Amino acid sequence: MNIFKKKEAAQTEGTAEESKQKKEKKPVTLDIFDFSGDNAITVRDLDLFYGEFQALKKINMEMPKYQITAMIGPSGCGKSTLIKTLNRMNDLVEGCRVVGEIIIGGLNIYDRGVDLSALRKNVGMVFQKPNPFPMSVYDNIAYGPRTFGIRKKGELDEIVERSLKQAAMWDELKDRLNKSALGLSGGQQQRLCIARALAVGPQILLMDEPTSALDPISTGKIEELCEELKKDVTIVMVTHNMQQAARISDKTAFFLLGEMIEMGDTEQVFSEPKHPETERYITGRFG
Amino acid sequence: MTKASSTKVKDTSAKVLFIVCACLSILAVFGIICYILAASIPAFREVGFFQFLFGTRWNHNTDTYGILAMLCSTLVVTVLAVILGGVIGVFTAIFMVFWCPDRFHLRYSGPNKFVQKMVAWLNKINLRTIFDQIIKLLAGIPSVIYGYFGIIVLVQGGLVYMDPNYRGYGVLATCIVLAIMIIPTITSLTKNALEAVPAQYFEGALAMGNTKAQAVFRVVFPAARSGIISALILGIGRAVGETMAVQMVAGGMVNFPTGLFIPICPLTVKINMEMGEVVPGSLHESALMATGFVLLVLVLIITLSVNFVPKEFKGKKGTRVLQGGGENVVYRKKGLIPEILKYCGMVCAGIVVISLAAIILFICINGIPNISWNFLFGGDGYEGHSLAPAFLTTFYVIIFTLIIALPLGIGAAIFLNEYAKPGSKFVKVIRTFIDTLSGVPSIVFGLFGYLLFVQIFGRSVFAGAFTMVLVILPTIIRSTEEALRAVPMELREASYGLGASKIRTIFKVVLPSAFPGIATAIVLSVGRIISESAALIYTAGMMAVASSSVSSAIDPTNAGSTLTVFMYSFFAEGLAYEEAYATAFVLLVITFVLNLIVYFIQKRVKKKR
């Protein structure tokens, strides 16, 4: 029994590895996605298993372009798991198996042969804990472009400046570009991570509880930033903070025990939730 | 009332005792430096310090002593070995941490039951553990065995055909043997450094569209830089001080290392070659001590420089002025170099496995046929060579060393972990001295033992044991300390809560629960003692093979050869290769068994937690 399970895991791993290697042989353009449709992300009948355990059950949702979609729900409800499937970071987890479709820019990202690098370049991610690399501020931001073959100083400088401006940090950081990123405050580190993600020009930004490790002032700054950023990118955010979801998101999805209970316009979900469970969760949290 | 005060007295006196134990490593380092310096002063005075350092001739018949050629040999060989061994070691570590699969994923659906079982069994093996054990085994193999492997397989089996003079030994052979010997040190330390890099860095890089290879080589590897540099430095220290293996493949002629097949004589080799025939009190003896002193200083500088490796990333200096003006940026798919580096990792790991397999095969094929009961345990009645006296001497050295070193080492560890304020200056100083002591080359320990303990006990098992105490003290302190640190604070608090004194808590609660760690320390020390040779030749002695007998070895005040020294004397006397192989096989089995014991102790500890 046990051996069987591991073989299964090995198989999924194997296919991921294989598809990775296949792509690397061909010269690939990274713009394989077509974001002209209305929805940036469409999830269809998604089931996700960790070994035997089913973490997500028949998820169906659509995330419209240039809007902020918030995912809320109690701990262990699967919202972080879901956000990690959107750029296939779950591939790292051993024994993780996905059934169903996630369509981003016209492609099912779980199809064989989808280029992970291209996917993750277009679908950036910001983590719960700020994770700047142990390099200078400049090198952190230039890291992504450099790995995608941009070496010219002029181009890199421009990208660094643009990304920092986009993340509203240029004025704070322009004089300390060569200082270690680890010396920044927690809030600055997190915004730097956002700038770093923006530097490769993503269409979608995934944020997994981006403010849960930060103080209220830094949180406010990041929320402002999100409002600003949604002009250019689609944002999907997991949050534990109900007010945050209510404040900044356009759409809200409520999850419970691996199922999506309800999704709709944020105002509607918070003012007149259709589902009693949603109501209980929201009022429980507020009251 | 009296009881309370007597407990207090006990507590204080125990504390003082522990402090003394901890300071012993400081005393040892200073003792070694002072004794060897004092013994080398006549040479420095007679020859002249600069003449000694920069003189190119060494002839003890005319009392001309200059070590420049030897110093150069040591440095050149070390640099080449560290480049070779460093690359292989670091890449092997990268492979082990990031690409080594957990298990085989073999599939077999044929009808043969036996094959099915074999496949299932193979699939169950944990490859990472196996790889770990391979590295540990390589680290535990005595250097005399590496020397044999080098001279027989490497030199006579390969290099001799590449050398225009058909000798084969010299610079290249020494480098390769040294490289193989420092790979375990570098690999295991690099592995620790890589594993200490937070997983978030790796994930962060992947999330930006990096391939695994890109993330590893562009983020994780640079983040582990300081640890890897430390690993390389310790590798250098090890290479500079290595004696026995180098002696067997270097050629032993004083030359400048001007070509790959030039026979050379690094510092350690000179000392080891001539200490045996030296006249006590002569200028020659002093010159050899002075050579040892130079070696010691060299190693001290190297070991201490680890402390100056910057721990954290510091930004580059100067400000970059941004000038915009890039055109439309095109992102391309890149990452060929990291992919290539990934395969380098696999190749290097393969090299390590193959070298170990080659060494083991070489020893087994040549050794097993020569094993016999009489060879192992035949007493004085047996006509041929027998290991019995060597077993006896080894046993004595182990027992006496442990009796002295264990209390001292455990005491020092108790002070460091239970009494001292963590992070205080005093603790830092002691730690530095412990590290320094562990970096001192064994031949220098040998010289020190010759100067101090041999004067007291004569050339005997006792002198050898006292010398070995210094050699294994750092190992014991470190592993005991690790074990003590792993004992949960709650246990101590519970004991204090019941009114127990500190000393009672330590002996009744802390030490018993740290016992597996202490057991590991003992086994590691035994391994170190068994594999040691350079520190023992001039202290416990090196008996001529023919004159060693059980009746002489039974008395620990006599001189005697331990197993490795015995094996070396087979080589030095050029007599009995069969017996040397058989001894090597015995040593290999012992090393393997000791590693296995450590593995099982640690596995049990892990399970309990």
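These legends walk through several views of a predicted model, starting with chain B and ending with strands of chain A.

**Figure 1. Chain B as a whole, a chain with 27 helices and two strands.** The radius of gyration of chain B is 26 Å, close to the 25 Å that the globule rule gives for 609 residues, so chain B is as compact as a globular protein of that length. Along the principal axes, its C-alpha atoms fill a box of roughly 85 × 80 × 70 Å. Buried residues make up 49% of the 609 in chain B. If you look at contacts between residues at least 6 apart in sequence, 79% of those in chain B join residues at least 24 apart.

**Figure 2. How confident the predictor is about chain B.** The mean pLDDT of chain B is 85, and 93% of its residues reach 70 or more. Among the elements of this chain, helix H3 (residues 68-99) of chain B has the highest mean pLDDT, at 93. At the other end is helix H25 (residues 550-553) of chain B, with the lowest mean, 69. A word of care for new readers: where pLDDT is low, the predicted coordinates should not be read in detail. The model itself scores ipTM 0.79 and pTM 0.83.

**Figure 3. The two domains of chain B and their contact.** The domain assignment gives domain 1 of chain B as 2-46 + 385-608, and domain 2 of chain B as 70-311 + 339-360. Their C-alpha centres lie 25 Å apart. Where they touch, domain 1 of chain B brings 38 residues and domain 2 of chain B brings 35. On the side of domain 1 of chain B that touches domain 2 of chain B, several helices supply at least two residues each, among them helix H1 (2-47), helix H17 (425-439) and helix H27 (577-608) of chain B. That side of domain 1 of chain B divides into 25 nonpolar, 11 polar and two charged residues.

**Figure 4. Strand E9 of chain A and its surroundings.** Here we turn to chain A. Six of the six residues of strand E9 (residues 251-256) of chain A are buried, so the strand is largely enclosed by the rest of the structure. Both of its faces are covered: one side carries the buried Lys251(A), Ala253(A) and Phe255(A), while Thr252(A), Phe254(A) and Leu256(A) are buried on the other.

**Figure 5. The pairing partners of E9(A), namely E3(A) and E10(A).** Strand E3 (residues 68-72) of chain A runs parallel to E9(A), and four bridges join them. Strand E10 (residues 259-265) of chain A runs antiparallel to E9(A), with six bridges between the two. Lys251(A) is a good place to see both pairings: Thr69(A) has Lys251(A) as its bridge partner in E9(A), and Lys251(A) has Asp265(A) as its bridge partner in E10(A). E9(A) and E10(A) form a hairpin with two residues between them. In the turn, Leu257(A) has a positive phi of about 50°.

**Figure 6. An open sheet of four strands in chain A.** Follow the strands in the order E2-E1-E4-E5 (chain A), where the pairing is antiparallel. Strand E2 (53-64) and strand E5 (107-108) of chain A are the edge strands, each pairing on one side only. Strand E1 (residues 39-50) of chain A is joined to E2(A) by eight bridges, and these two run antiparallel. To find your bearings in this view, look for Phe49(A), which stands opposite Gln54(A) in E2(A).

Technical notes
Residues numbered from 1 in each chain as written. Chains lettered and ligands numbered in written order. Predicted model: local features only at pLDDT ≥ 70, side-chain atom pairs only at ≥ 80, totals over all residues. Buried ≥ 20, exposed ≤ 12 C-beta atoms within 10 Å, placed from the backbone. Pairing = 2+ DSSP bridges. Domains from an automatic or database assignment. Contact = placed C-beta atoms within 7 Å. Nonpolar A, V, L, I, M, F, W, Y, C, P; charged D, E, K, R; others polar. Rg over C-alpha atoms; globule rule 2.2 N^0.38 Å. pLDDT = per-residue confidence, 0-100.
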